[in-house]
Amino acid sequence: RESDHRAWTPVTYTVTRQNATVQGLTEGKAYFFRIAAENIIGMGPFTETTKEIVIRDPITVPDRPEDLEVKAVTKNSVTLTWNPPKYNGGSDITMYVLESRLIGKEKFHKVTKEKMLDRKFTVEGLKEGDTYEYRVSACNIVGKGKPSFCTKPITCKDEIAPPSLDLDFRDKLIVRVGEAFSLTGRYSGKPTPKVTWLKDDIVVKEDDRTKIKTTPTTLCLGVLKSVREDSGKYCVTVENSTGSRKGFCQVNVVDRPSPPVGPVIFNEVHKDHMVVSWKPPLDDGGSEITNYIVEKKDAHRDLWMPVTSATVKTTCKIPKLLEGREYQIRIYAENLYGISDPLISDEMKAKDRFRVPDAPEQPIIKDVTKDSAVVVWNKPYDGGKPITNYIVEKKETMATRWVRVTKDPIFPSTQFKVPDLLEGCQYEFRVSAENEIGIGDPSPPSKPIFARDPIAKPSPPINPEAVDKTKNSVDLSWQPPRHDGNGKIIGYLVEYQKVGDEEWKKANFTADSCPETKYKVTGLTEGLTYKFRVKAANAAGESEPAYVPDPVEVKDRLEPPELILDANMAREQHVKAGDTLRLSAVIKGVPFPKVSWKKEDHEVSPKADIEVTGVGSKLEIRNTVHEDGGIYSLTVENPAGSKTVSVKVIVLDKPGPPRNLQISEVRSDSCYITWMEPEDDGGSVITNYVVERKDVASPQWIAISSSSKKRSHMAKYLMEGTQYLFRVAAENQYGRGPYVETLKPIKAIDPLHPPGPPKNLHHVDVDKTEVSLVWNRPDRDGGAEITGYLVEYQEDGADEWTKFQTVPMLDCVVTGL
């Protein structure tokens, strides 16, 4: 029952053991329990627990503490921290016990005070150089739990700490010119770090304005009366043997800008206004220009009048001028930190000075083709008003009327491609300029030109190279020029020079003698080294020369033979009978190798066509037959070596005749036929055999098997006494081969055996020189009629029997005894 209830609740009625588990209890509540024994007579009195029992998990000692760490080490102390156990055993932790062991000793010794609940402890009074390891245990009301895992061995010595850096400044700092600024911070580390200041990666040195102060814990860089040149990226580095830390600050020393850059340009001048422009200051003071202040002044007065103070452009319209007066303009630049010194212009009179543009100079004509030309001119004086258009005119030289080449405006370009010229005609061109006042005078006419495609000298040939050589010649090859100069390439001029000479000699004297992009230079001296060059020529003349990159020594070139096999020279080549066999390969080598074809080390068949060219060789056999198969070899040989390749050629054909046809086990209605596979399967697997028979009296063969793959067949259904011929042929995927036929007819009869022995031989009469014998027929005649009986006698004691005679009947008189 619960301690605060009076009613008892039964747990079970059937317990026969001396223990029971009570379930369904509520954690944290207190209960009383009672037990009574029972036999067949009845239930005895209850025994009750003396005090209430509170339901909770059983209490054990705590788990081991977690994460025991060494936080600091000096030459005579060690500071450690740890975390509580994951499980406190069901009861609060009452204290921690920290133990240490001197390395080399066996026992741990307690180092903490009684009832210590802090999870941090400093062990003091240690001896410098000694090495200890530590462990910590947790205690609750049950007792002390397992100790934590031991620390690594810790030697008492002053610790090393990497540098730390705590800065008082931000990443960016803006300072006005003339003001002071300082960069300060704190640092630490063991051993004491070295402090270095850099500006734009250059070490900062102290001077009258720059001061550096460093204490064991603080650092400071101060600059007095800063100037614009103090701007830059400052870096402080704190470094000791364990590492380094850096801090950065971008310092921008700002000032008012420098003056705008002159001179002031008068873009437009009118009687009542002007348009001026200038260039930005060389130094914006470290801050963006916010605006320009523009003022004007009558040159004969001292009063400056504002024009604008809100423009950011470097151009400005100066309004409200009096015609004929001279004016000066001054301009200031302004940023967030002040206004620059002024830029002052020259004096300029306010008056209209506009007229139509001047006539351009004589235009130049270029890029003439058969139907177009490009007219180029220089911009004339615009008359004070901007030019808005150019007018280009053309006329044939012999005509009198100028014609405008386009109605579209031409501006601002100072050139124009005139289209639609007539090929072969001669033209002149002129140009006029137009502004808002009107059209100016035309330029002088251009020089006359004919409308036709121009011809220029070609560009040099491309990539000349020596591709071959002998003891007295060199073969050159090149590619055509990239540009033919709009004229047909007539040919090429080849020149050579002996190394060491200055004179170039002509290999050919006219370009048309070498129309192709190759040439053989002959008549050279063996063993000497030559340079070569090639020029292209068209109707306009010769191109610049293109040089062969390296000098060439004139001597016979030896290159061992090389075979580049075509696909039909694979290791095995199959060709169907009746088709054409082709074998070919590309051949290289200097000098060109001697070529020979062989079949099985013998000359190839006369029906084979063999062709040898300067780059390869080809063997061709038309209407192939099976005998054309075999191993073909191609051998190429020159003084530098030889090379041979082989290919197995299989001519796919019908198989040959089967071999060793035999008939056995002849019966009156059947016989057994066997044979061997053909010597030649035609290059393809035998798929089946065809077996036929023929009555000798009949002209017609009859098939008795056409699908069997076996090399035997039982011929059935023969007519007894009839004579038969048999034949067999093999088939593959290319057809049926020739038949093999039995040499002589086979008669369909059962086989014969010798007759059995005569029965009941005995004599019926005896004389002194003869004996009369009789006997009965044998039980079996062996399958044929008995033709006679052989009678033999033997003298008693002798080994051999003596033949007497053969008789047809069942008796005989033996005489001569």
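**Figure 1. M676 in strand β56 of the predicted model.** In this predicted model, M676 belongs to strand β56, which covers residues 671-676. M676 counts as partly exposed because its relative accessibility is 35%. When neighbours within four places in sequence are set aside, the residues in contact with M676 are P658, R659, N660 and R711. One of these partners, R711, is 35 residues from M676 along the sequence, while the C-alpha atoms of M676 and R711 are 6.3 Å apart in space.

**Figure 2. N660, a contact partner of M676 with a positive phi.** N660, which is among the residues that M676 contacts, has a positive phi of about 55 degrees although N660 is not a glycine. The residue lies in strand β55, which runs over residues 659-664. With a relative accessible area of 44%, N660 is partly exposed.

**Figure 3. D201, a second non-glycine residue with a positive phi.** Phi of D201 is near 70 degrees, and this positive value again occurs in a residue other than glycine. D201 is placed in the loop that links β15 (194-199) to β16 (202-203). Its relative accessibility is 74%, so D201 counts as exposed, the cut-off being over 50%.

**Figure 4. The largest nonpolar core and the strands that build it.** The largest nonpolar core comprises 20 residues, and L583, W597, L619, Y632, L634 and V649 are those with the most contacts inside it. At least two residues of this core come from each of the strands β48 (581-590), β49 (594-599), β52 (616-621), β53 (630-638) and β54 (641-652). Such a grouping can be read against a general tendency: in soluble globular proteins, nonpolar side chains tend to be buried together.

**Figure 5. Surroundings of Y632.** Y632 is one of the residues with the most contacts inside the largest nonpolar core. Leaving out neighbours within four places in sequence, Y632 is in contact with L581, L583, K598, K599, V604, L619, I621, V645, S646, V647 and V649. Among these partners are L583, L619 and V649, which are likewise listed with the most contacts inside the core. Apart from this core lies another, of 19 residues, which includes Y390, Y427, A433 and I449.

**Figure 6. A433, a buried alanine of the other core.** A433, one of the 19 residues of that other core, is found in strand β35, which spans residues 426-434. A433 is buried, for its relative accessible area is 0%. Not counting residues up to four places away in sequence, A433 touches P357, D358, P360, P380, I387, N389, Y390, G438, I439 and G440; of these, Y390 is also named as a member of the core. By way of a long-range reference, the C-alpha atoms of A433 and G243 are separated by 75 Å, with their positions 190 residues apart along the chain.

**Figure 7. Two cis peptide bonds that precede prolines.** The peptide bond that joins G262 and P263 is cis, with omega at about 0 degrees, and P263 has its place in strand β21, residues 261-269. A cis peptide bond also joins F411 and P412, where omega is about 5 degrees. P412, however, is located in the loop between β33 (403-404) and β34 (415-418).

**Figure 8. L117 in a loop between two strands.** L117 is situated in the loop between β8 (109-110) and β9 (120-123). L117 counts as partly exposed because its relative accessibility is 47%. Beyond the neighbours within four places in sequence, L117 has contacts with I93, T94, M95 and Y96. L117 and L68 are 49 residues apart in sequence, and their C-alpha atoms lie 15 Å apart in space.

**Figure 9. The whole chain, as context for the close-up views.** The protein has 68 strands and zero helices. Its radius of gyration is 64 Å, well over the 28 Å that the globule rule gives for 817 residues, so the protein is more spread out than a compact globule. Along the principal axes, the C-alpha trace spans about 200 × 150 × 65 Å. Buried residues account for 37% of the 817 residues, and the protein exposes about 50,200 Å², of which carbon and sulfur atoms supply 49%. Of the contacts between residues at least 6 apart in sequence, 62% join residues at least 24 apart. The protein carries 114 positive and 120 negative charges, and the mean positions of these two sets are 8 Å apart.

Definitions and conventions: Residues numbered from 1 in each chain as written. Predicted model: local features only at pLDDT ≥ 70, side-chain atom pairs only at ≥ 80, totals over all residues. Heavy atoms only, no water. Helix = DSSP H or I, 4+ residues; strand = E, 2+ residues; numbered from the N terminus. Rg over C-alpha atoms; globule rule 2.2 N^0.38 Å. Buried < 20%, exposed > 50% of the residue type's maximum accessible area, 1.4 Å probe, protein only. Contact = heavy atoms within 4.5 Å. Areas by Shrake-Rupley, 256 points an atom, 1.4 Å probe, with all protein chains shown as cover. Lys, Arg positive; Asp, Glu negative; His and termini not counted. Charge placed at Lys NZ, Arg CZ, Asp CG, Glu CD. Core = buried A, V, L, I, M, F, W, Y, C linked by side-chain atoms within 4.5 Å.
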